[in-house]
Amino acid sequence: DIVAQNEKDYADWLAQNSADATLPKDSLAMQGSEIFQTGTCASCHRIRGTNSLGVVGPDLTHFDSRKKMLGGIMNIDSMNIYKWISGPQKIKPGSKMPDFIFNQDTLQALTAYLLQLK
């Protein structure tokens with residue numbers, strides 16, 4: 001998708017996307033943030049305003065402000081995020097994102113956290 005904006009709208013968008021990540025708003029997303037920051041996620045991904053400083057994977061600071069993920073192959077919604085983090089190699093074989101063994105509670109918490117990164 002291509003988005004054309006006037007100069008003011010672009011400046012507003014740029015300022016918004018230069019800001020640190022929003023803080024989680026509920027206990028499930030807070031749990032997801034903790035898992036993300038202390039687990040291997042933070043080794044590969046960056047989220048500005050947190051201790052996640054990875055550079056291998058994409059910057060996820062404003063992840064949920066996007067409409068698509070994985071180079072445009074999937075819409076960003078709870079079901080697709082859950083599918084992706086539970087089996088990335090099934091969705092995009094050969095990607096740098098490894099398959100992890102997460103329990104359902106962890107998957108739900110990580111999904112909730114990513115959905116609040118606006």
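This is a short talk about two pockets and two helix packings in one structure.

Okay, thanks everyone. Before anything else, keep in mind that what you see is a predicted model.

Let's begin with the pockets. The largest pocket holds about 580 Å³ of space. Its lining runs to 28 residues, and the ones nearest the centre are His45, Pro58, Leu60, Trp84 and Met97. So where does that lining come from? Well, at least two residues each are supplied by α3 (41–44), β1 (68–69), α4 (78–86) and α6 (104–114). Of the lining, α4 gives the largest share, with 3 residues. As for the chemistry, we have 18 nonpolar residues in that lining, along with 6 polar and 4 charged.

Now the second largest pocket, which has about 410 Å³ of space. Around this one you'll find Asp1, Val3, Trp13, Gln16, Asn17, His62, Ser65, Arg66, Lys67, Lys68 and Gly72. Here helix α1, residues 7–18, gives the most to the lining, with 3 residues. And by class? The lining of this second pocket has 2 nonpolar, 5 polar and 4 charged residues.

Right, on to the helices. We've already met α4 and α6 in the lining of the largest pocket, and these two helices also pack against each other, with an angle of about 125 degrees and axes 9 Å apart. Because of that angle, α4 counts as oblique to α6. The crossing of the pair is right-handed. On the α4 side, the contact is made by Ser78, Ile81, Tyr82, Ile85 and Ser86, while α6 brings Gln104, Leu107, Gln108, Leu110, Thr111 and Leu114. Sort those residues by class and you get 6 nonpolar, 5 polar and no charged.

Then there's α6 again, this time with helix α2, which spans residues 27–38. The angle between α2 and α6 is about 100 degrees, and their axes lie 7 Å apart. How does α2 sit relative to α6, then? An angle between 65 and 115 degrees counts as roughly perpendicular, so that is what we call α2 relative to α6. From α2, the contact takes in Leu28, Ala29, Gln31, Gly32, Ser33, Ile35, Phe36 and Gln37. Facing them from α6 are Thr106, Gln108, Ala109, Leu110, Ala112, Tyr113 and Leu114. The split for this contact is 9 nonpolar, 6 polar and, once more, no charged residues.

One last thing to look for on the screen: Gln108, Leu110 and Leu114 of α6 are among the residues touching α4, and Gln108, Leu110 and Leu114 also turn up in the contact with α2. That's it from me, thanks.

Key
Residues numbered from 1 in each chain as written. Predicted model: local features only at pLDDT ≥ 70, side-chain atom pairs only at ≥ 80, totals over all residues. Heavy atoms only, no water. 1 Å grid on protein atoms, 1.4 Å probe; cavity = no way out; pocket = protein on both sides within 12 Å on 5 of 7 lines; lining within 4 Å. Points joined across faces, edges and corners; volume = space filled by probe spheres on them. Helix = DSSP H or I, 4+ residues; strand = E, 2+ residues; numbered from the N terminus. Nonpolar A, V, L, I, M, F, W, Y, C, P; charged D, E, K, R; others polar. Axes fitted to C-alpha atoms, helices over the stretch in contact; angles between N-to-C directions. Parallel < 35°, antiparallel > 145°, perpendicular 65-115°, else oblique. Left-handed = near helix turned anticlockwise from the far one by under 90°. Contact = heavy atoms within 4.5 Å.
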